[in-house]
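Q: Please take a close look at a single part of this structure. I should like one connected explanation, with each technical term defined as it appears.

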Amino acid sequence: MSSPLLVSDLERSLAEGRQPKCLAQGVEHYLMEIPTQAPNEVAPQSAEGETAQWDGEALLRLKRARGSGRVRLYALADGVEVGRAQDCAVALAEDGTVSKRHARLCRCTEGWQVEDLGSENGTYVARQRVGTAPVVLKDFELLQVGLHRFALAPAKELVRLLQPVGRSEAVPVSQALAELEALGSRRFRAHYCVPSFLLAYGLPRAGEPFRPDALFPLVGSGRLHVGRDPQAEVRLPDRRVSKFHARVHRTGEERSELEDLGATNPTAVDGRPLAPGERATLRPWSQVSFGPSVRGLYHSPRSLIEHLTDLRRER
């Protein structure tokens, strides 16, 4: 059994410009620990629910005593077992809610699958209990074993997420939510350290709540174009959006300015259409629209986490 790596060591390697150990070893996937409660201090309130309930006071005690610097990474290989037994590749000897041989992870055509080994307290994937048949575990999806939680982290993606975002590419909101849960708010904010748009596609229906489809980080200190053209930094594949519809002028972490570029279907900020060449100030939670079928919100790094946290609760 090899010793787990620490995420803080990986961050230190990246900050110093050294090749991370996880890439040098050729490991493709890790189980990344999500330290949300102290296993010896908290017991599930119900063994029959979809997932265990947690004690907020115990969570705070763990954060104060341990912090995010001790998050562990366990290298995955075919047939890896998770349990209390010392010879398990993911050994959780300190957690009495984990069986000696609790679960097994194996490669499959879809990537990785999780098998429960007859554990007493169950194994959960995406908050659903694993039955008699193995269940596929997707990248950054939540795995719970007893009171321990993990995320399946591809090594290269993990390295990318532990550095500031480098491009203004669309990120599906489902992926952003999974990244937030896996990384925690501090590391998520360190990655998405720039303003962003949360956008929804399609014509809105009366009374329909806003449900964003994609996150667009606004990377760069100057001007970013929004439009349908492949050269636009924020590319919106919608025929009602002009090739170069609008321009974002970055002025800081909290604020920016949005300029309409003479779009056929005008740009609007907080419900007010902009004239060609007109600029409007964007603040956290400002409403934006690019024509009738692309709408959303402007966010600072802090307000983005607030919004995604609300979305996660709703789901």
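The answer below concerns one strand and the elements around it.

A: This is a predicted model, in which local features need pLDDT of at least 70 and side-chain atom pairs count only at pLDDT 80 or more, while totals for chains, interfaces and linings use all residues. Residues are numbered from 1 along each chain as its sequence is written, and side-chain values use heavy atoms, with hydrogens and water left out.

The part chosen is strand β15, which covers residues 214–217. Helices (H or I, at least four residues) and strands (E, at least two) are DSSP runs, numbered from the N terminus. From β15, Ala 214 and Phe 216 point one way, whereas Leu 215 and Pro 217 point the other way. In a regular strand the side chains alternate between the two faces of the sheet. All four of these residues in β15 are buried; buried means under 20% relative accessible area, exposed over 50%, and partly exposed in between, with a 1.4 Å probe and protein chains only.

Strand β15 has pairing partners, and two strands pair if DSSP finds at least two bridges between them. Strand β14 (residues 196–201) pairs with β15 in the antiparallel sense over 4 bridges. Within this pairing, Leu 215 of β15 is the bridge partner of Leu 198. Strand β13 (residues 171–172) also runs antiparallel to β15, and 2 bridges join them. Here Ala 214 in β15 stands opposite Pro 172.

The numbering leads from β13, which covers residues 171–172, to helix α5, which covers residues 173–191. Helix α5 has 19 residues, yet its end C-alpha atoms are only 15 Å apart, short of the 27 Å that a straight helix would reach at 1.5 Å a residue. The expected span of a helix is 1.5 Å times one less than its number of residues. At Gly 184, α5 bends by about 120 degrees; the bend at a residue is the angle between axes fitted to the seven residues ending there and the seven starting there. The buried residues of α5 include Val 173, Leu 177, Leu 180, Leu 183, Phe 188 and His 191. Charged names also occur among the buried residues of this helix, including Glu 179, Glu 181 and Arg 187.

To summarise, β15 is a strand whose residues are all buried, and it pairs in the antiparallel sense with β14 and runs antiparallel to β13.
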